Amino acid sequence: MSRVEVRGVSKWFGRICAVYELDFYCEDGEFLVILGPSGAGKSTTLKLIAGIEGCDTGSIRIGGIDVTKLPPHKRDVAMVFEDYSLYPHFTVRENLAFPLRAPGRHIPVSEIDDRIRCVGELLRIGHLMNRYPRELSQGQRQRVSLGRALVRQPQVFLFDEPISHLDAKLRHSMRRELKRLKAELRQTVIYVTHDYLEAVSLADRVIVLKEGEIQQVGRPDEIYRAPKNAFVASLFGTVPMMFFEGRIIPNYGGRPRFIIQGAVGGSSANRVLQCTLPPKYSSLGERRLILGLRPSEISLEVVGEGCDDNLEGHVYAIQDLFTTKLVTVDLGNVMVEVMVPSPTEIARGQRVAITIPDEHFYLFDPDTRNTIPLSA
Ligand code: ADP
Ligand code: MG
């Protein structure tokens, strides 16, 4: 009923292309998150859907109706901004009532009161109704700002980084509240953020945006497991993916090998760093590659002096994060980070070997930075 469809939408500001040929949909009742760094075109995308900006190309449909040429107030969407934009001289109740009293809405006073009461309970701000914005905490202000969108009961909610500027603790609790609201309301929501944790904890599906173009669309777990390119891979994960340039030798004693470039002729007695790749990569032929590894997907074990495995080195640093330890291993001018369970006994300077399970190799083309398809 309130499905949003964006087809071939582009927007230029002078010579700057803010978004280019966007194609996506948000199902009725779906919570869709657009994830991307600052300047990716996230806010522009929401403004185009809200009608605050006009499309240069393409079309937008909401609930089956083409709204491309409709003004904002005829689109039945509500947008929540990062900077709450509350009226400072209005109380919380007046701020909530304001959008319902807009000319042309003709909502009876009794219904306005009902809606404000409901939203007050839902957002747990009922006791704040007679306060002014200056008398509220940051988190309370953000709730009122959410409330102002909720009372309108629009077809679609557009959230522009609504909790990004809150401190870490408040962000954590607001994520939880948003998750609860999502479950209780089952509304169509398009939510924009640059924060990976927000994206994966809230989204039914995620759209990854970079420089105005969609990089990948999918469920958070799908994107995590199979990122389409190095950019997407670098966004997904609580500790960033590591990238190593090098080349593949398809048949090195029967298995494909990856030779890490930076390590060739390294400080460690000219050791050439290499690792065995899963057999499926032997079809790739000899070529340059970027290898991606996630600290959380590889493991290490303490080994004795004199072992001669290739992915061996010394513990360079240990960051104890209490539930886990982030161990940096110096492999001889290449550093690798490994996330290990906290009880692991490990000390600086110890000799360790790294193990990479077959399913956790990520290979990218060094020129396009796209994931290398196995049929190539
Ligand atoms: P995000 O919200 O992802 O940070 P924006 O959608 O705000 O990104 O901006 C995308 C690009 O468009 C940026 O390069 C930005 O500078 C540019 N842009 C956005 N709005 C305007 C505007 N009103 N005038 C000129 N350039 C703009
Ligand atoms: Mg923005």
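**Entry 1: Gln142**

I began with Gln142, which counts as buried because its relative accessibility is 0%; buried here means under 20% relative accessible area, exposed over 50%, and partly exposed in between, with a 1.4 Å probe and protein chains only. This is a predicted model, in which local features need pLDDT of at least 70 and side-chain atom pairs count only at pLDDT 80 or more, while totals for chains, interfaces and linings use all residues. Residues are numbered from 1 along each chain as its sequence is written, chains are lettered from A and ligands numbered from 1 in the order in which they are written, and side-chain values use heavy atoms, with hydrogens and water left out.

I found Gln142 in helix α4; helices (H or I, at least four residues) and strands (E, at least two) are DSSP runs, numbered from the N terminus. Which residues does Gln142 touch, not counting those up to four places away in sequence? I listed Val80, Phe81, Glu82, Tyr84, Pro162, Ile163, His165 and Met174, where contact means heavy atoms within 4.5 Å.

**Entry 2: helix α5**

Met174 led me to α5, where it is one of the buried residues. The helix covers residues 168-185, 18 in number, and reaches 25 Å from its first C-alpha to its last. That is close to the 26 Å expected at 1.5 Å a residue, the expected span being 1.5 Å times one less than the number of residues.

I noted the other buried residues of α5 as Ser173, Arg175, Glu177, Leu178, Arg180, Leu181 and Lys182. What do the buried residues of α5 pack against? They pack against β3 (31-35), α3 (109-122), α4 (138-150), β7 (156-160), β8 (188-193) and α6 (196-202).

**Entry 3: positive phi angles**

Most residues other than glycine have a negative phi, so I looked up some exceptions. Arg186, just after α5, takes a positive phi of about 50°. Glu161 has phi near 45° and is found in the loop between β7 and α5. Is Glu161 buried or exposed? I logged Glu161 as buried, because its relative accessibility is 10%. Glu21 has phi near 50° and lies in strand β2; Glu21 counts as partly exposed because its relative accessibility is 42%.

**Entry 4: ligand 1**

I then went through the shell around ligand 1: Phe13, Ile16, Ala18, Pro37, Ser38, Gly39, Ala40, Gly41, Lys42, Ser43 and Thr44. A residue is near a molecule if one of its heavy atoms lies within 4 Å of it. The shell divides into five nonpolar, five polar and one charged; Ala, Val, Leu, Ile, Met, Phe, Trp, Tyr, Cys and Pro count as nonpolar, Asp, Glu, Lys and Arg as charged, and the others, Gly among them, as polar.

Next came distances to oxygen atoms of ligand 1. An N or O atom in the side chain of Lys42 is 2.8 Å from one, a polar side-chain atom of Ser43 lies 2.9 Å from one, and a backbone N or O atom of Ala40 lies 3.1 Å from one. Taken alone, ligand 1 exposes 560 Å², and the protein buries 62% of that; accessible areas come from the Shrake-Rupley method with a 1.4 Å probe. Two or more shell residues come from each of β2 (16-26) and α1 (42-50), and α1 gives the most, with three.

**Entry 5: the whole protein**

Last, I zoomed out and counted eight helices and 20 strands. The C-alpha trace spans about 80 × 45 × 35 Å along its principal axes. Of the 376 residues, 49% are buried.

How values were computed: Polar contact = N/O pair within 3.5 Å; in protein donor to acceptor, adjacent residues only side chain to side chain.
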